[in-house]
Structure formats: structure tokens, C-alpha cells
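Here are a few notes to read alongside the model. Take your time and find each residue as you go.

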Amino acid sequence: MLAIVSAMQEEISLVVESLAHATTRELGRRTFHEGAFHGVEAVAVFSRWGKVAAAATVTQLVSSFPISRLVLSGVAGGVRHGLSIGDVVIGTGLLQHDLDPSPIFPRYEVPLLGKSVIEPDPQIRDRLMRAAREFVREDLHSLVAPSELAWFRIRSPQVAGGVIASGDKFFASAREVEELRSRLPHVACVEMEGAAVAQVCEEYGVPFGVVRTISDSADESSAHDFPRFIREVARHYSLGILERFVRER
Ligand code: ADE
């Protein structure tokens with residue numbers, strides 16, 4: 001069974017519309033939607049926001065559903081120079097930028113796991129990459145309104161691999177992004193769930209992948225059009241990429 005975890009409630013609503021024979025279960029204030037997603041047995045759930053909430057959601061998934069792989073999708077603030085709104089980052093590694101157990105363990109290292117960057121399953125990662133490239137090339141301009149693409153200045157978005165940094169913080173300051181870049185120069189984008197999901201998947205042996213659409217530059221303007229971007233743009237990206245992901249057999 002494929003677990004579809006999204007950091008956007010709006011996206012889960014769209015995925016649920018595509019689920020055949022859908023049933024729901026409520027556990028721990030989370031609604032788990034089971035059904036067939038384009039012929040693939042799936043369970044879809046909103047991660048909720050932040051590392052603790054996302055870790056709890058995935059732990060519940062692992063405990064209560066026979067999941068064999070997991071995809072996390074959502075939006076992220078762009079950190080790497082050259083990334084623009086509407087670009088897609090496929091995680092090549094997940095890291096907690098706010099984890100500091102030093103001097104007991106090195107900064108960023110997940111205690112007892114012995115690593116700071118958790119890598120996704122290479123097959124899921126590569127498949128997400130192909131799905132996102134096809135989506136951007138073939139579907140984007142029919143699924144997202146031209147007026148919204150123009151508003152967000154999205155023309156031909158890039159799809160790139162990169163390290164995704166997670167933490168319990170919404171970045172809305174150029175100075176803070178610069179500070180993050182100086183201590184973690186290899187980070188592509190920031191969000192609030194990915195590394196927590198990765199850690200639970202790693203510990204329970206669930207192959208996973210992460211896809212994030214760049215919604216903002218993590219600076220002072222990051223919250224301006226945030227709800228509009230999720231409603232009008234990002235949820236269509238996620239659904240379109242997931243559809244291409246499951247259709248590739
Ligand atoms: N998700 C989307 N944009 C973000 C930002 N600026 N900071 C943290 N998480 C985000």
C-alpha cells in the first residue's frame with residue numbers, strides 16, 4: 001500500500017476526490033483516507049504541521065496500515081540561489097536544521113541514528129523526478145490557470161534534486177535565510193516536516209520520497225501570497241506529480 005502524506009490539507013482533499021472506493025478512519029485527530037488511487041491501493045493523510053505532528057502521523061500510518069512505501073509532498077521556501085517560485089525540489093537528503101545535540105553528538109546528527117542527512121529511496125526519488133519533469137512539461141499549463149502562472153511569474157519551472165532542511169520554523173526573513181545558508185550551504189529549500197517523516201521511515205524501514213514545490217523565497221515576502229499559492233498552484237502540482245508517479249509502472 002502506498003502512503004500519500006501531504007503537508008497541505010488542500011492537496012489531500014484533491015487526492016481524496018480521485019480515490020475509488022474511499023473509506024476513512026479517524027485516529028489521533030487525523031483522518032486517514034483509504035482507497036484506490038489510479039488503480040494503486042493507497043492511504044492519504046494530512047501530515048499536520050511541524051516535526052512532531054508529522055512524525056506522529058507517520059508513526060500512526062506505519063502502525064495501523066500495511067504501507068510499503070511513502071511519498072511526502074508539499075511546499076517549501078527556496079534557499080538555494082537560482083530556485084524560483086514554481087520550481088520543484090525532489091529531496092536527495094533530509095536534514096533537521098534546528099537539531100543540535102552537541103556536544104553529546106555532532107550538530108544536526110540524529111541521536112542514535114548516527115547520521116544527520118537521511119536519504120530517500122533512490123527508486124522513489126528518481127521516479128518522482130521523472131514524474132515532476134513530465135508534469136511541468138505536459139500538464140502544468142492545462143492544470144493551473146494562466147492568470148495564476150502569470151501572477152506568480154511561473155514560465156518553465158525547473159525540477160531539481162537537493163537537500164531539504166526541516167525544522168519547527170517558518171522562515172520569513174532574508175537575514176535568517178542568509179544565516180542558514182552560511183551554516184548549511186548545501187541546502188536547497190526549507191520546510192517543516194520532511195526530515196521528521198524521513199526519520200520515522202528510516203527507523204521503521206519504509207522506503208520514502210519527498211517532493212516540494214517552491215512557494216516563496218523564505219524572506220519577508222514569504223507569507224504574502226501563501227494561501228493563494230497553495231490553493232491555485234501547489235495542490236495541482238502535487239496531484240499532477242502523484243498521478244504521473246503512480247501511473248509509471
Ligand atoms: N514552507 C513553505 N515555505 C516555507 C518557509 N518560508 N519556511 C518554512 N517552511 C515553509
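The points below look at the ligand and the pocket around it.

1. First, the ground rules. This is a predicted model, where local features need pLDDT of at least 70 and side-chain atom pairs count only at pLDDT 80 or more, while totals for chains, interfaces and linings use all residues. Residues are numbered from 1 along each chain as its sequence is written, and side-chain values use heavy atoms, with hydrogens and water left out.

2. Which residues come nearest to the ligand? They are Gly77, Phe170, Phe171, Glu191 and Asp216, out of 13 around the ligand (near means that a heavy atom lies within 4 Å). By class, this shell has eight nonpolar, two polar and three charged residues. Ala, Val, Leu, Ile, Met, Phe, Trp, Tyr, Cys and Pro count as nonpolar, Asp, Glu, Lys and Arg as charged, and the others, Gly among them, as polar.

3. Now look at the nitrogen atoms of the ligand. One is 2.7 Å from a side-chain N or O atom of Asp216. A backbone N or O atom of Phe171 lies 2.8 Å from a ligand nitrogen, and for a backbone N or O atom of Gly77 the distance to a ligand nitrogen is 3.3 Å. The protein buries 96% of the 260 Å² that the ligand exposes when taken alone (Shrake-Rupley method, 1.4 Å probe).

4. Which strand gives the most to the shell? Strand 5 does, with three residues (a strand is a DSSP run of E, at least two residues, numbered from the N terminus).

Definitions and conventions
A polar contact is a pair of N or O atoms within 3.5 Å; within protein, one must be able to donate a hydrogen and the other to accept it, and residues adjacent in sequence count only if both atoms are side-chain atoms. Helices (H or I, at least four residues) and strands (E, at least two) are DSSP runs, numbered from the N terminus.
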